[in-house]
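Reader: I have a new structure open in front of me and I'd like to learn how to read it. Could you walk me through it?

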Amino acid sequence: MKPAPFSFCAPGDLAGVLEALAANGEDGRILAGGQSLVPLMNLRLVRPEMLISINRCSELDYLRLEGDSLVCGALVRQARAEESDLVQEECPLLAMALPYVGGQANRNRGTICGSLAHGDPLAELSAAALVLDGEMRIAARDGQRTVAAEDFFLDGLTTALQPGEMLAAVAFQRQGGDERSAFLEMGNREHGFAVAAVATRLGMVGGRCEFARIAMLGAGPTARRIRAAEEILTDSEVDDAAIERAVTAAHDIIEAPSDLHADGEFRRHVLTTLLERALRQAMAGE
Amino acid sequence: MPEKIEVTLTINGETRRGLAEPRLLLADFLRHELGLMGAHIGCEHGVCGACTILIDGRTARSCLHFAVALDGAVIDTVEGLAGPDELHPIQEAFHQNHALQCGYCTSGFLLTTLEFLRRNPDPDEDEIRRALTNNLCRCTGYTNIVKAVAEAAAALRAAD
């Protein structure tokens with residue numbers, strides 16, 4: 001199908017974008033790479049009256065270090081981040097998650113912030129943002145605010161973004177050299193939509209896990225942290241017994257939805273298996 | 001109805017201008033405004049890959065872009081792969097290996113292969129299958145397409 005008619009503007013700077021967003025309220029939508037939004041527009045599931053392109057805003061096309069964070073502006077395309085040495089070195093978990101996002105043609109155009117702002121419940125980058133303690137930098141004409149990734153994903157396709165606001169950047173926590181990471185996903189076909197995925201990040205000091213971050217896709221209505229499993233691993237060795245206890249704890253709290261692609265019980269089975277593999281893979285440093 | 005906006009693109013090395021309503025997809029702009037029929041429209045939501053073109057040198061779905069949002073971009077389509085009476089080595093390999101039947105998906109496969117072989121000039125079969133995973137063929141099947149990509153890779157390496 002073809003999208004419903006809409007008006008279009010492409011301001012040359014962020015101030016112009018925010019002005020257009022403010023002027024259009026709920027009727028305005030941001031266009032970055034369009035890889036999530038345009039399919040929905042073609043299917044007429046979404047009908048914005050005004051599409052505001054940020055593709056002329058070179059000021060939003062940056063990937064840089066700020067203190068403990070790797071900050072990714074709204075126009076950073078997924079393929080560019082995937083190929084970036086900075087991402088490989090500072091946030092290896094993000095580098096592990098990116099190849100699972102769509103296909104090459106989608107990643108060439110789609111942006112990191114666009115995927116996050118879209119809020120698909122099975123979006124790999126939402127799990128990455130959770131385990132990397134992502135800070136969502138939200139801009140509007142009348143000011144800016146930041147929201148922790150954990151408070152950003154409210155429900156499927158629903159985020160903390162309000163009309164007139166856009167996700168201007170996301171700050172991922174830089175990973176230290178003694179961290180272990182893994183991102184594993186299962187889908188009905190490779191590079192298709194995920195059925196389930198697990199992101200793990202373990203901060204190891206002298207053989208003990210100082211902090212653990214575990215996030216799952218397919219374990220609830222949005223990507224979610226699995227705190228019960230994190231707590232078991234924290235201040236512990238990550239040995240077979242600890243992994244088993246963490247997996248059991250996760251199993252008990254997963255609320256896996258059923259849909260066309262997998263029923264809830266199958267998803268829960270897949271998630272616990274992926275978690276065990278992810279923890280072992282992270283510790284093996286593969 | 002929103003007004004039409006002038007769009008200037010560099011397509012296969014030539015500057016082309018046209019008028020586009022904001023909702024006009026790049027695929028339709030290429031086909032109906034500019035007469036470039038090589039990009040085919042299959043699913044119209046980014047799944048099948050038949051409309052694959054290159055934007056600024058990288059593959060993209062022309063059904064997932066609005067022409068007006070690409071003003072100034074460099075676009076390459078299957079028409080630019082080779083001159084009118086010649087075949088690009090990738091096209092030649094598809095021809096030799098019967099890697100197309102109806103041909104509807106072929107231009108998308110050709111451009112996906114072009115980008116893939118630039119990144120990975122000497123792929124194994126598994127890598128080829130992964131690279132083609134987001135392009136769908138409904139009649140020839142994939143065996144001959146995979147063979148063609150491997151042969152194209154060898155031909156391009158030999159030509160280097």
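**Helices, domains and chains**

Author: Let's begin with one helix contact. On the α11(A) side, A:Asp240, A:Ile243, A:Ala246, A:Val247, A:Ala250 and A:His251 touch A:Arg268, A:Thr272, A:Leu275, A:Glu276, A:Leu279 and A:Arg280 of α12(A). By class, 6 of these residues are nonpolar, 2 polar and 4 charged. Keep in mind as we go that this is a predicted model.

Reader: Which way do α11(A) and α12(A) run relative to each other, and at what angle do they cross?

Author: Angles over 145 degrees count as roughly antiparallel. Here α11(A), residues 240–253, and α12(A), residues 264–284, have axes that come within 10 Å and cross at roughly 155°. That is why α11(A) is roughly antiparallel to α12(A). The crossing of α11(A) past α12(A) is right-handed.

Reader: Now chain B. At what angle do α2(B) and α3(B) cross?

Author: Helix α2 of chain B covers residues 89–96 and helix α3 of chain B covers residues 106–119; their axes come within 10 Å and cross at roughly 130°. An angle like that falls outside the roughly parallel, perpendicular and antiparallel ranges, so α2(B) and α3(B) are oblique to each other. Their crossing is right-handed.

Reader: Which residues of α2(B) and α3(B) meet?

Author: From α2(B) come B:Ile90, B:Gln91 and B:Phe94, and they meet B:Thr106, B:Phe109, B:Leu110, B:Thr113 and B:Leu114 of α3(B). Sorted by class, that contact has 5 nonpolar residues, 3 polar ones and no charged ones.

Reader: What about α3(B) and α5(B): how far apart are their axes?

Author: The axes of α3(B) and α5(B) are 11 Å apart, and the two helices pack at an angle of about 45°, with α5(B) spanning residues 143–159. This pair is therefore oblique as well: α3(B) and α5(B) are oblique to each other. The crossing is right-handed.

Reader: And which residues of α3(B) and α5(B) meet?

Author: On α3(B), look for B:Phe109, B:Thr113, B:Phe116 and B:Leu117; on α5(B), they meet B:Ile145, B:Val149, B:Ala152, B:Ala153 and B:Leu156. The split here is 8 nonpolar, 1 polar and no charged. You may recognise B:Phe109 and B:Thr113, since α3(B) also uses them in its contact with α2(B).

Reader: Let me zoom out. Into which domains is chain B divided?

Author: Domain 1 of chain B is 5–80 and domain 2 is 89–159. To read a pair of domains, look at the spacing of their centres, then at who touches whom, then at the area buried. The centres of these two, taken over C-alpha atoms, are separated by 22 Å. In the contact, 19 residues of domain 1 of chain B touch 16 residues of domain 2 of chain B. About 1200 Å² is buried between them, and carbon and sulfur atoms give 51% of it. On the domain 1 side, B:His40, B:Thr59 and B:Val78 supply 33% of the area buried against domain 2, more than any other three residues.

Reader: And how is chain A divided?

Author: Chain A has domain 1 (7–53), domain 2 (58–173) and domain 3 (179–284). Let's take the pair of domain 1 and domain 2 of chain A, whose centres over C-alpha atoms are separated by 18 Å. Here 15 residues of domain 1 contact 17 residues of domain 2, and the area buried between them is about 1300 Å², with carbon and sulfur atoms giving 69%. A:Leu14, A:Leu18 and A:Gln35 supply 37% of what domain 1 buries there, more than any other three residues.

Reader: Last one: how many residues of chain B are in contact with chain A?

Author: 30 residues of chain B are in contact with 32 residues of chain A. Between them the chains bury about 2500 Å², 51% of it on carbon and sulfur atoms. In chain B, the residues that lose the most area to chain A are B:Arg23, B:Leu64 and B:Phe66, together 23% of what that side buries.

Conventions: Residues numbered from 1 in each chain as written. Chains lettered and ligands numbered in written order. Predicted model: local features only at pLDDT ≥ 70, side-chain atom pairs only at ≥ 80, totals over all residues. Heavy atoms only, no water. Axes fitted to C-alpha atoms, helices over the stretch in contact; angles between N-to-C directions. Helix = DSSP H or I, 4+ residues; strand = E, 2+ residues; numbered from the N terminus. Parallel < 35°, antiparallel > 145°, perpendicular 65-115°, else oblique. Left-handed = near helix turned anticlockwise from the far one by under 90°. Contact = heavy atoms within 4.5 Å. Nonpolar A, V, L, I, M, F, W, Y, C, P; charged D, E, K, R; others polar. Domains from an automatic or database assignment. Buried area = accessible area lost by both parts, 1.4 Å probe.
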